[in-house]
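Got the viewer open? Let's take a walk through the pockets and the aromatic rings, one selection at a time.

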Amino acid sequence: YVRHLVSGSIIGNPLFGGKTDILFIGHRRRKKLEDGEWWDIYCDPILDGLETNYSYLQARHKGEYKQPSKTDEIGRMDLFEYLPSVLNKLNPYRISQDDEKYFEEVERKFREEFEEEIEVKKYLKNYMGIRRYKKPLIEALLKKREPQCLIVVVSYGRQIIIEAAKELEIPVVELQHGVINKYHKGYSYPGDREKEAFPDYLLTFGEYWNNIEY
């Protein structure tokens with residue numbers, strides 16, 4: 001983490017950039033082309049025809065960035081991915097007694113329903129600890145770059161980024177990256193529930209995905 005944090009703070013740090021009209025956060029995985037370049041199959045076709053000012057950010061996949069990259073001027077997300085984790089290791093998050101009881105109850109429900117031990121308390125304690133450091137960093141990035149629109153490829157796992165953008169009244173768009181149906185836990189919320197940290201718009205692969213029942 002520390003090694004990636006140091007290199008990412010120097011190389012491709014998006015806080016060094018200026019204002020941008022559109023800020024892309026691309027997919028971690030890339031596909032290798034016949035010419036040996038690695039491309040983002042979701043964003044690069046759009047970027048090739050884009051005439052407005054944009055910036056593209058990417059996080060590491062399994063600890064690395066695939067090179068050479070087809071995408072121009074990639075900003076690295078290392079600072080936002082690793083600094084909050086390091087700070088949370090140094091100063092672990094302390095949950096309240098009420099939260100601890102609630103998380104233990106959720107674990108009990110999982111155990112009863114699926115006969116499996118799910119460490120909900122451990123996961124959420126780590127997530128909340130990272131969030132307290134990551135959200136101010138993301139807010140600083142968005143205020144510095146002032147995008148008129150934020151485009152993400154995958155929304156789940158990006159809740160903190162989406163939350164910060166919404167609070168700054170920056171519209172968030174998600175590009176469809178795979179199958180979406182009622183069984184996908186990243187998109188399906190049965191009943192009256194609604195996920196707050198969800199994009200404002202979803203750009204799909206086509207008409208079929210616009211009309212399918214979720």
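Which element gives the largest share of the lining of the second largest pocket? Select β4: four residues of that lining come from this strand. Keep in mind as you click around that this is a predicted model.

**Stop 1: the second largest pocket.** Show Y54, S55, Y56, E73 and R145, which lie nearest the pocket's centre among the 14 residues that line it. Now colour β4 (54–58) and β5 (74–76), since each supplies at least two residues of the lining. The volume comes out at about 200 Å³. If you colour by class, you'll get five nonpolar, six polar and three charged residues.

**Stop 2: the largest pocket.** Here the space is about 1,800 Å³. Its lining takes in 44 residues, and Y123, Y127, Y156, G157 and Q159 are the ones closest to the centre. Next, pick the helices α3 (78–90), α4 (97–114), α5 (120–145) and α6 (159–167); each of them supplies at least two lining residues. α5 gives the most, with nine. Colouring the lining by class shows 21 nonpolar, eleven polar and twelve charged residues.

**Stop 3: the rings.** The structure holds seven aromatic pairs. Start with F110 and F114: the ring centres are 5.8 Å apart and the planes meet at 35°, so this pair is tilted. Both residues sit in helix α4, four residues apart, about one turn of the helix. How accessible are they? F110 is partly exposed, with a relative accessible area of 31%, while F114 counts as exposed at 54%.

Now jump to Y187 and F198, an edge-to-face pair with 6.2 Å centre to centre and 90° between the planes. Y187 and F198 both lie in the loop between β7 (172–175) and β8 (201–203), so the pair ties together parts that are eleven residues apart in sequence. Is Y187 buried or exposed? Buried, because its relative accessible area is 13% and the cut-off for buried is under 20%. F198, at 23%, is partly exposed.

Leave those two selected and add Y156: ring pairs link Y156, Y187 and F198 into a cluster. You've met Y156 already, as one of the residues closest to the centre of the largest pocket.

**Last stop: a charge over a ring.** Select K66 and W38. What lies over the face of W38? That's K66, at 4.8 Å from the ring centre.

Definitions and conventions: Residues are numbered from 1 along each chain as its sequence is written. This is a predicted model: local features need pLDDT of at least 70, side-chain atom pairs count only at pLDDT 80 or more; totals for chains, interfaces and linings use all residues. Side-chain values use heavy atoms; hydrogens and water are left out. On a 1 Å grid over the protein atoms alone, a cavity is a set of points where a 1.4 Å probe fits but cannot get out, and a pocket is an open set with protein on both sides within 12 Å along at least five of seven lines; lining residues have an atom within 4 Å of a point. Grid points are joined across faces, edges and corners, and a volume is the space filled by probe spheres set on the points. Ala, Val, Leu, Ile, Met, Phe, Trp, Tyr, Cys and Pro count as nonpolar, Asp, Glu, Lys and Arg as charged, and the others, Gly among them, as polar. Rings of Phe, Tyr and Trp (its six-membered ring) pair if their centres lie within 6.5 Å; planes under 30 degrees apart count as stacked, over 60 as edge-to-face and the rest as tilted. Buried means under 20% relative accessible area, exposed over 50%, partly exposed in between (1.4 Å probe, protein chains only). A charge sits over a ring if NZ of Lys or CZ of Arg is within 6 Å of the ring centre and within 35 degrees of the ring normal.
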